[in-house]
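Welcome to this short tour of a protein. Have the sequence and the 3D view open side by side, and follow along topic by topic.

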Amino acid sequence: MTTATADRLIIFDTSLRDGEQAPGIALSPDDKVAVAAQLARLKVDVIEAGFPASSPGDFEAVHRIATEVKGPIIAALARTHPDDIDRAAAAVAPAERSRIHVFQSTSPIHMEQMLNMTPDEVLTSIADSVARARGLCEDVEFSPQDATRSDPDFVIEACKVAVAAGATTINIPDTVGYTMPDEFAALIGRVAEEVREGRDDIVISTHCHNDLGMAVANSLAAIAAGARQIECAVNGIGERAGNTSTEEIIMAVKTRHDHYPVTVAADTTQIFETSRLVSRLTGYPVQYNKAVVGRNAFAHEAGIHQHGVLKSRQTYEIMDPADVGQHSSLVLGKHSGRAAFSDALSKMGVRLEDVDFQRAFDRFKELADRKGEISEEGLKAIIEEETGIAADVVKLVGLHLRGGDQEPPVATVRVTRGDEPIETSAEGDGMVNAAFVALQDAFGFPATLLDYRVVPFTSGADAMAEVSVIIQTGPTTYSGRGVSTDVVEGSARAFVAALNKAMIDRNGALGGDR
Ligand code: KIV
Ligand code: ZN
């Protein structure tokens, strides 16, 4: 049995029971054992492994977890039916420490519409079932289902009956995610006072659903009112809108220890791995901006934020990402500034001199405006494209394409050579070919295309592609690379890079006629 001390918060993870009840989730016994083993690494205090009476598969999974997973208490859920309690007891029997969690509804709507039972019959069923469970297992928890839509006096009466029958954890569920923090705190305060009657061995617990997005806030309000066990699920999975999320509760009480004077046993560095495993096995994706475990939880894109984080992480981070097994990232996108761009280059081991840096930065901003986020591969291609040629040779400044199905393709290119603008147009047997011919006119010498390759390196409608070309002028070959969200533009950039090298060879950088 885990007994609460005044400041110890028990983390009761129900990912494998309430979490698994979420639509579309069906974990095999192997999957459940894998998640339970990871929850043990996370060092949660209690794993609610399942509802053994619900199916033979669930019985097997709970039994295997109880046999194979060491550390946390292994709990199983049961209705007040004798058979449920016996199945739960048999399933958790092999565990080092086991618990039976009995629940019964106490709200008028559940008692009348669902159970067809009077309040007295409900109280009797609680007394009998908790006593039966206690005869089979030392550690028994009781939950008055739909407590927050029940008469508080009746909730307290039902909980007192459960304690008298041997329950030592009293869990108050907000089954339909209906309550609000101040209201819930008042209920928990009453239960803590009137049901515990000063007994240190009785733990008050909560189990909040997220129908109005209040599960974590309600659980925190309950802690402030005296609850010392929180029922929660990884990534917040569970019935309908889900449960209180395990990672959010753990990190909220750790980060705001000044506000919640409780300690948890969890090894927070396992949080991210646990989240990923649960997401992979349940098929439930984690939203990008999910607190603590979302892909963007420690990602910074705004230039001002990136600048701040580069100076000192705490300027925009209240948790150390390493504490939850994550790491910070500066997303290079259109909001990024020079500081983040320069940081990304140095992480890639690239040092650019002033002019090259400016060219690469300008090109990065231009692409980021169109593409949004630029990956490391994109960055490498930009650097190669922009720094492979001298700053003052021919630069592509515009490309216009027309023609198509019925008419021959025509490309008009605008380049600058030093300060001189040059515009040329040419027809081709395709858009890429037309751009190549127009560029040869702009440079003023012919070239032959020997090799042409396109490598897409991001997916999606606005994917970026890198184009590599090899051209020949006279006896010599020259390579060029270009990157763009548009393949013809990327090709034109690759041609310009290769033609520039050829021109430098032919004339010396700015010398000679074009
Ligand atoms: O939401 C709920 O009331 C439950 C109980 C079984 C605790 O999941
Ligand atoms: Zn629930």
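## A first stop in a loop

Asp146 sits in the loop that links strand 5 to helix 6 (152-164). Keep in mind that you are looking at a predicted model. Asp146 is not a glycine, yet its phi is positive, at about 60°. Is Asp146 buried or exposed? Its relative accessible area is 0%, and because a residue under 20% counts as buried, Asp146 is buried.

**Another loop residue with positive phi**

- Arg240 also has a positive phi, near 50°, and this residue is likewise not a glycine.
- You can find Arg240 in the loop between strand 8 and helix 9 (246-255).
- Arg240 has a relative accessible area of 45%, so it is classed as partly exposed.

**The overall layout**

- The domain assignment splits the protein chain into domain 1 (10-282), domain 2 (299-385) and domain 3 (388-506).
- If you take the centres over C-alpha atoms, domain 1 and domain 3 are 65 Å apart.
- A pair of residues gives you another distance to try in the viewer: the C-alpha atoms of Ala411 and Tyr260 are separated by 67 Å, with their positions 151 residues apart along the chain.
- Ala411 belongs to strand 12 (residues 410-417), and its relative accessibility of 0% means that it counts as buried.

**The surroundings of ligand 1**

- Which residues are found around ligand 1? They are Arg17, Asp18, His101, Phe103, Ser143, Gln145, Pro173, Thr175, His207 and His209.
- Sorted by character, this shell has 2 nonpolar, 6 polar and 2 charged residues.
- Strand 4 (98-105) and strand 5 (140-145) each contribute at least two residues to the shell around ligand 1.
- In the side chain of Thr175, an N or O atom is 2.6 Å from an oxygen atom of ligand 1.
- For Asp18, the distance from a side-chain N or O atom to an oxygen atom of ligand 1 is 3.0 Å.
- His207 has a polar side-chain atom 3.1 Å from an oxygen atom of ligand 1.
- How much of ligand 1 does the protein cover? Ligand 1 has 260 Å² of accessible area on its own, and the protein covers 95% of that.

**Strand 1 and its two partners**

- In a regular strand, side chains alternate between the two faces of the sheet.
- Strand 1 (residues 10-13) is covered on both faces: Ile10 and Phe12 are buried on one side, and Ile11 and Asp13 are buried on the other.
- Strand 1 runs parallel to strand 8 (residues 229-232), and 4 bridges join them.
- Look across from Phe12 and you will see Glu231 in strand 8.
- Strand 1 also pairs with strand 2 (residues 46-50), again in the parallel sense, over 2 bridges.
- Here Asp13 is the residue that stands opposite Ile47 in strand 2.

**Asp45 and its contacts**

- Asp45 is placed in the loop between helix 1 (29-42) and strand 2.
- Is Asp45 buried or exposed? With a relative accessible area of 8%, Asp45 is buried.
- The Asp45 side chain makes a polar contact of 2.6 Å with the side chain of Arg8.
- The side chain of Asp45 also reaches the backbone nitrogen of Ile11, at 2.8 Å.

**Strand 7 and its neighbour**

- Why is strand 7 (residues 203-208) described as largely enclosed by the rest of the structure? Because 6 of its 6 residues are buried.
- Both faces of strand 7 are covered, with Val203, Ser205 and His207 on one side and Ile204, Thr206 and Cys208 on the other.
- His207 therefore appears in two parts of this tour: it is one of the buried residues of strand 7, and it is one of the residues around ligand 1.
- Strand 7 pairs with strand 6 (residues 169-174) in the parallel sense, over 6 bridges.
- Within this pairing, Ile172 has Thr206 of strand 7 as its bridge partner.

**A last look at helix 5**

- Ser125 has its place in helix 5 (residues 119-136).
- Ser125 is buried, with a relative accessible area of 13%.
- From Ser125 to Asp151, the C-alpha distance is 18 Å, and the two residues are 26 apart in sequence.

Key:
Residues are numbered from 1 along each chain as its sequence is written. Chains are lettered from A and ligands numbered from 1 in the order in which they are written. This is a predicted model: local features need pLDDT of at least 70, side-chain atom pairs count only at pLDDT 80 or more; totals for chains, interfaces and linings use all residues. Side-chain values use heavy atoms; hydrogens and water are left out. A residue is near a molecule or strand if one of its heavy atoms lies within 4 Å of it. A polar contact is a pair of N or O atoms within 3.5 Å; within protein, one must be able to donate a hydrogen and the other to accept it, and residues adjacent in sequence count only if both atoms are side-chain atoms. Accessible areas come from the Shrake-Rupley method with a 1.4 Å probe; for residues, only the protein chains shown count as cover. Ala, Val, Leu, Ile, Met, Phe, Trp, Tyr, Cys and Pro count as nonpolar, Asp, Glu, Lys and Arg as charged, and the others, Gly among them, as polar. Domain bounds come from an automatic or database domain assignment. Buried means under 20% relative accessible area, exposed over 50%, partly exposed in between (1.4 Å probe, protein chains only). Two strands pair if DSSP finds at least two bridges between them.
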